[in-house]
Amino acid sequence: MALAKPYLDIPGTTIFDADQSRKGYHLNQFCMSLMKAGNRARFKADERAYLDEWPMSEEQKQAVLARDLNRCIALGGNIYFLAKIGATDGRSFQQMAGSMTGMSEQEYRDMMIKGGRPIEGNRFVGEQRMAGK
Amino acid sequence: MARTNARITASVYTSHVPAIGAAIDHGKTGEPYWQPVFKGYEFSKRWMKDNTPDVILLVYNDHASAFSLELIPTFAIGCAAEFAPADEGYGARPVPQVIGHAELAAHVAQSVIQEDFDLTIVNRMDVDHGLTVPLSLLCGQPQVWPCRVIPFAVNVVQYPPPSGRRCFMLGQAIRRAVESYDEPLRVQVWGTGGMSHQLQGPRAGLINREFDNAFLDRLIADPERLSKMPHIDYVREAGSEGIELVMWLIARGAMADVAGGAKPTVVHRFYHVPASNTAVGHLILENKP
């Protein structure tokens, strides 16, 4: 029996469940390796070569190289793991989260200061009101 | 008659946003952006000085720091003598080592496992911002933390986390375990994480002020009913990472009123949006002496 997923109708949201976790295992474990300063330095020196040490799909590697976090998440990445890439790049969690919304860094920061993205219109797919517009 | 057993004196609830830790570590707490956040903890720091416990059982979640995908324990209790602050990719936070309480931790583990809660026992673990940011918020920047801390990690990274119900019942078992420990320790249970926030996808930045404040109301007044709220409500209403709030129910379950005692006193309540991507919520509940 397939996993029950009552959360699939939430807009703009990927729940990191067992299926995602299986798909993203090596991608996330690569991210985890960036917890060590030595690995961060090796990754920064030659990203492609470092990624090639991991049994990740080419698509996953390309998503990492492009820093396309939405793509990484679709391919099984989890934000807490992906955050290690952001940390390696010296980016804040807010910059990372904002990069997934299609907003500029300033627009996202301003939205948060004004109280964040509203829940109204963002509960179910089909009633979307992305970017708080 | 002098009390001879340990008891739970209070529970503390707070968000554990990493940017709050960074603001403290980099001396930015006075900046206009951060001032309102830290103002909400001024009372708490004084309260903590006046009510320093012997031990904090600190419920938090690891954010892919100590646990990778190799091992995902639903509940993990730190039984070591000490725990180092984790390097989460920016270098470790400049905060003191966390000194555990191995004897009480072992006692809690032995008691609640025999009450059917299958804890994972951890003898070596680094602790990340989930644990150290709440300590910084309540204790400031001391050379050593003012008391022992038992790290209690809950999986909220890979879905599903434990249910609110399970967390609430675990809190009750923890209270019984603490009260059967034959040393007169003052113990606080802290529940951390939340409140509404979503860190991923096009819906990132979600905040639900109404949900958060209703959660605080219900946590205080009717945690039993709140504990029955299903995961989907947390995720839909409070964001994919808002589900961390189930951890608050462990701390709430450990309070005396849940076992028929007196209602706790709400000594502090605070709510502010935003800290980075997150709504900050904070409560202190005291058991009647």
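In the predicted model, strands β2(B) and β8(B) pair in the parallel sense, and 5 bridges are found between them. Within this pairing, Val55(B) has Val187(B) of β8(B) as its bridge partner. On the other side of the register, β8(B) is also joined to β1(B), again in parallel, through 7 bridges, and here Ala10(B) stands opposite Gln188(B) of β8(B). Strand β2, residues 55-60 of chain B, is in turn linked by 6 bridges to the parallel strand β7, residues 148-154 of chain B, with Leu58(B) placed opposite Pro151(B) of β7(B).

These pairings belong to an open sheet of 8 strands in chain B, which follow one another in the order β6-β3-β7-β2-β8-β1-β10-β9 with mixed pairing. The sheet is bounded by the edge strands β6 (120-122) and β9 of chain B, each of which pairs on one side only. On average, and with direction ignored, neighbouring strands of the sheet are turned by 20° against each other.

Two helices of chain B are placed against these strands. Helix α5, which spans residues 129-139 of chain B, packs on the sheet and touches β1 (7-14), β2, β7 and β8 (186-192) of chain B, and its direction makes about 130° with that of β2(B). Helix α6, residues 164-179 of chain B, lies across β1, β2, β3 (75-78) and β8 of chain B and runs at about 145° to β1(B).

Strand β8(B), touched by α5(B) and crossed by α6(B), is mostly covered, with 6 of its 7 residues buried. Val189(B) is located in this strand, and it counts as buried because 29 C-beta neighbours lie inside 10 Å. Although Val189(B) and Leu57(B) are 132 residues apart in sequence, their C-alpha atoms are 4.8 Å apart in space. When neighbours within four places in sequence are left aside, the contacts of Val189(B) comprise Ile8(B), Ser11(B), Leu57(B), Val59(B), Gly171(B), Ile174(B), Ala251(B) and Ala254(B).

Burial is also found in helix α9(B), where Tyr234(B), Val235(B), Arg236(B), Glu237(B) and Ala238(B) are buried. The cover over the buried residues of α9(B) includes α7 (209-221) of chain B. The helix α9(B) is followed by Gly239(B), whose phi is positive, near 95°.

Between the two chains, 34 residues of chain B are in contact with 45 residues of chain A. On the side of chain B that touches chain A, the elements giving two or more residues are α1 (18-25), α9 (231-238) and β9 (265-275) of chain B; of these, α9(B) gives the most, with 4 residues. By class, this side of chain B has 16 nonpolar, 12 polar and 6 charged residues. Helix α9(B) thus appears both among the elements that touch chain A and among those with buried residues, while β9(B), an edge strand of the sheet, likewise gives residues to the side that touches chain A.

As regards confidence, chain B has a mean pLDDT of 97, and 99% of its residues reach 70 or more. For the model, the scores are ipTM 0.94 and pTM 0.96.

Notes: Residues are numbered from 1 along each chain as its sequence is written. Chains are lettered from A and ligands numbered from 1 in the order in which they are written. This is a predicted model: local features need pLDDT of at least 70, side-chain atom pairs count only at pLDDT 80 or more; totals for chains, interfaces and linings use all residues. pLDDT is the predictor's confidence in each residue, from 0 to 100. Two residues are in contact if their C-beta atoms, placed from the backbone, lie within 7 Å. Ala, Val, Leu, Ile, Met, Phe, Trp, Tyr, Cys and Pro count as nonpolar, Asp, Glu, Lys and Arg as charged, and the others, Gly among them, as polar. Two strands pair if DSSP finds at least two bridges between them. Axes are lines fitted to C-alpha atoms, for helices over the stretch in contact, and angles run from 0 to 180 degrees between N-to-C directions. A residue is buried if 20 or more other C-beta atoms lie within 10 Å of its own, exposed if 12 or fewer, and partly exposed in between; C-beta atoms are placed from the backbone.
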